[in-house]
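Thanks for sharing this one. Below are some notes to read beside the model, set out as numbered points.

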Amino acid sequence: MKKIYSFLMILVFLGHVTAQKTVIELGTEAWGKGIKKLYIPNKFVAENDFIKNTSQNFIDPPTFSQIKDKLPEPIWKANNDAIISYWKAWEIAFSNLHKVTAQNGFVSPYIDAAFNGNIFMWDTSFMTLFGRYGSRAFNFQGSLDNFYNKQRPDGFICRQIYGSNGEDSFERYDPSSTGPNILPWAEWEYYNNFNDKTRLAKVFPALLAYYNWFNLNRTWKDGTYYSSGWGCGMDNQPRLQSGYNVKWSNGQMSWIDTTLQEIFAAKFLIKMAIELDREKDVKNLQTEVQELTKFINEKMWNENLHFYTDVFKDGSLSNVQSIGSYWALLADVVPDNRLDKFISPLSDPKKFNRPHRVPTLAADNPDYNADGGYWRGSVWAPTTYMVLRGLTQVHQDSLAYEIGKNHFDNVLKVFNTTGTFFENYSPEKVQGNDRKNFIGWTGLTPIAVLFEYNFGIRADVPHNKIVWDVRLTDEFGVKKYPFGTDGSIDFYCKSRNDTKKMPQITIKSNKDFTLTLLWNGGKKDILIKGKKIIKHDL
């Protein structure tokens with residue numbers, strides 16, 4: 001008995017220290033098929049075709065030189081460095097593509113997070129948000145299929161999966177085992193750009209099962225959600241009270257970012273259900289969105305800071321202003337009468353308006369690190385992109401452009417001195433930090449931010465619309481911009497000497513669509529007819 005007890009204690013120790021293997025997993029060989037009894041099956045997992053179809057696609061991913069001509073071609077003569085960085089980002093991205101192996105059991109070739117050889121849930125989700133622009137060259141969205149394929153019978157999906165053998169890196173009840181839940185956002189963005197209802201129907205059961213697992217296993221009695229430093233993705237932010245491990249503990253705290261992300265995820269699942277005529281499957285989500293939105297605005301709003309913050313075990317509010325609170329914009333929970341005050345720290349030099357925007361921790365926090373300190377001040381492409389998309393969501397387009405341009409310019413300055421991209425950046429210096437050649441989610445900046453904020457082009461394929469918010473006065477454009485499964489559009493805008501002057505544009509498209517052209521003080525809806533060159537030179 002003592003030997004068995006000692007063996008179990010060793011297993012527990014290994015599980016806590018490495019956070020990579022679990023007692024349950026290490027005991028699999030001894031317990032055999034009995035491990036299945038540890039799962040409470042989720043009915044939607046039974047619909048997960050990624051699990052049912054065990055065939056692996058062993059195709060070799062293409063190289064950059066093989067597919068470069070299939071990628072969109074940006075034009076910006078006054079800023080050729082931006083164009084050079086754009087192509088370099090794609091070159092690095094394609095060097096990080098991997099084929100599946102018999103050992104890892106993955107089902108689709110994928111882009112690696114450029115971190116440690118493993119695949120990461122939120123890294124991969126963010127990578128698809130720029131990868132969608134290269135879909136004609138490689139199916140970046142298929143990278144997420146490997147997570148759906150590894151879904152457990154109860155709906156759990158691990159946040160990190162070994163690229164070597166396909167095993168989960170965490171036991172599922174570890175607070176750091178999964179999240180952030182932005183998979184529905186990644187899939188809805190793909191749908192928004194490709195109108196692929198077949199894929200939407202295929203991913204919906206897996207996403208809903210995972211959401212249900214998260215709801216069952218990551219909530220407190222009041223309905224709010226918890227995570228950990230690693231689980232929320234912002235490893236070392238100083239958010240927990242003393243006595244708790246900042247990286248691994250949930251701190252018995254209601255986590256503002258995790259709670260907001262679940263509202264955000266639920267809203268996309270509801271949209272998907274409407275598209276797929278499955279609204280009965282998400283009735284509980286509609287209720288949760290309402291209840292959580294009410295709770296957040298009543299209990300997680302720090303009136304002293306005019307900011308949403310974490311709530312500690314005793315009900316008191318944190319004073320830490322983290323970039324994670326800005327998920328509130330994408331979740332669309334901020335009342336109109338609070339919006340100006342809530343976003344004002346983004347323009348405050350004492351808070352988030354630093355030389356390089358947006359740091360992940362407010363600059364007046366005593367733990368703020370001017371060099372970055374990982375998540376204690378560094379500027380990260382994914383969280384800055386989240387802020388930009390959130391500002392777009394709440395129609396703060398001028399501020400979004402201002403922040404997007406600042407971030408893009410700073411990343412470009414580092415690129416011009418180093419020739420590469422980094423995992424994160426200093427908020428105070430022209431400096432990249434930690435891993436280099438990081439594409440990785442840093443590809444968001446030279447690709448997605450370039451198209452969506454510098455150039456102002458945002459597509460809505462299901463509604464056959466494109467918004468072109470022209471703020472540059474330089475000559476610029478894009479050739480072979482992908483629109484839907486087979487649409488290709490060339491955008492061109494002449495230089496101007498005044499932002500208030502209507503842009504002089506030329507558009508060539510093989511598809512009909514409605515263009516909403518925006519500029520400083522003006523708006524015009526234009527019907528674009530496919531196979532005709534449309535010019536508006538007014």
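1. Let me begin with the salt bridges: the count comes to 30 in this predicted model. A few of them are worth a look in the viewer, and the next points take them in turn.

2. R278 and E47 form one such pair, with their closest N and O atoms 2.9 Å apart. R278 sits in the loop between α11 (256–276) and α12 (283–299), while E47 belongs to the loop between α3 (28–31) and α4 (49–52), so this contact ties together parts that are 231 residues apart in sequence. How accessible are the two partners? R278 has 17% relative accessibility and therefore counts as buried, the cut-off being under 20%. E47, at 31%, counts as partly exposed.

3. Another pair to inspect is R239 with D310, where the closest N and O atoms are 2.8 Å apart. Here R239 comes from the loop between α10 (197–217) and α11, and D310 from the loop between β7 (307–308) and α13 (327–331), so the bridge links parts that are 71 residues apart in sequence. Are these residues buried or exposed? R239 is buried, with a relative accessible area of 3%, and D310 is also buried, at 3% relative accessibility.

4. The salt bridge between D409 and K405 has an N to O distance of 2.9 Å. Both residues belong to helix α16 (residues 397–418), and they lie 4 residues apart, about one turn of the helix. D409 is partly exposed at 21% relative accessibility, and K405 is partly exposed as well, with a relative accessible area of 35%.

5. Please also look at R132, E189, R389 and E452, which are joined into one network by salt bridges that share partners. R389 is one of the buried residues of α15, and that helix is the next topic.

6. How do the ends of α15 compare with the expected span? Its 13 residues, at 1.5 Å a residue, should span 18 Å, and the end C-alpha atoms are 18 Å apart, so the two agree. The helix is mostly covered, with 12 of its 13 residues buried. Among them are A381, P382, Y385, M386, V387, L388 and L391. After α15 comes H395, which has a positive phi, near 65 degrees.

7. Now some backbone points to check. Most residues other than glycine have a negative phi, and most peptide bonds are trans. Against that background, A114 has a positive phi near 60 degrees; this alanine is in the loop between β3 (110–111) and β4 (119–120). K480 also has a positive phi, near 60 degrees, but K480 is placed in strand β12 (residues 476–483). The relative accessible area of K480 is 27%, so this lysine counts as partly exposed.

8. Which peptide bonds are cis? One is the bond from G179 to P180, with omega near -10 degrees; P180 falls in the loop between β5 (160–161) and α9 (183–194). Another cis bond joins R357 and V358, where omega is about 5 degrees. V358 is part of the loop between α14 (336–343) and α15 (381–393).

Definitions and conventions. Residues numbered from 1 in each chain as written. Predicted model: local features only at pLDDT ≥ 70, side-chain atom pairs only at ≥ 80, totals over all residues. Heavy atoms only, no water. Helix = DSSP H or I, 4+ residues; strand = E, 2+ residues; numbered from the N terminus. Buried < 20%, exposed > 50% of the residue type's maximum accessible area, 1.4 Å probe, protein only. Expected span 1.5 Å × (residues − 1). Salt bridge = Lys/Arg side-chain N within 4 Å of Asp/Glu carboxyl O.
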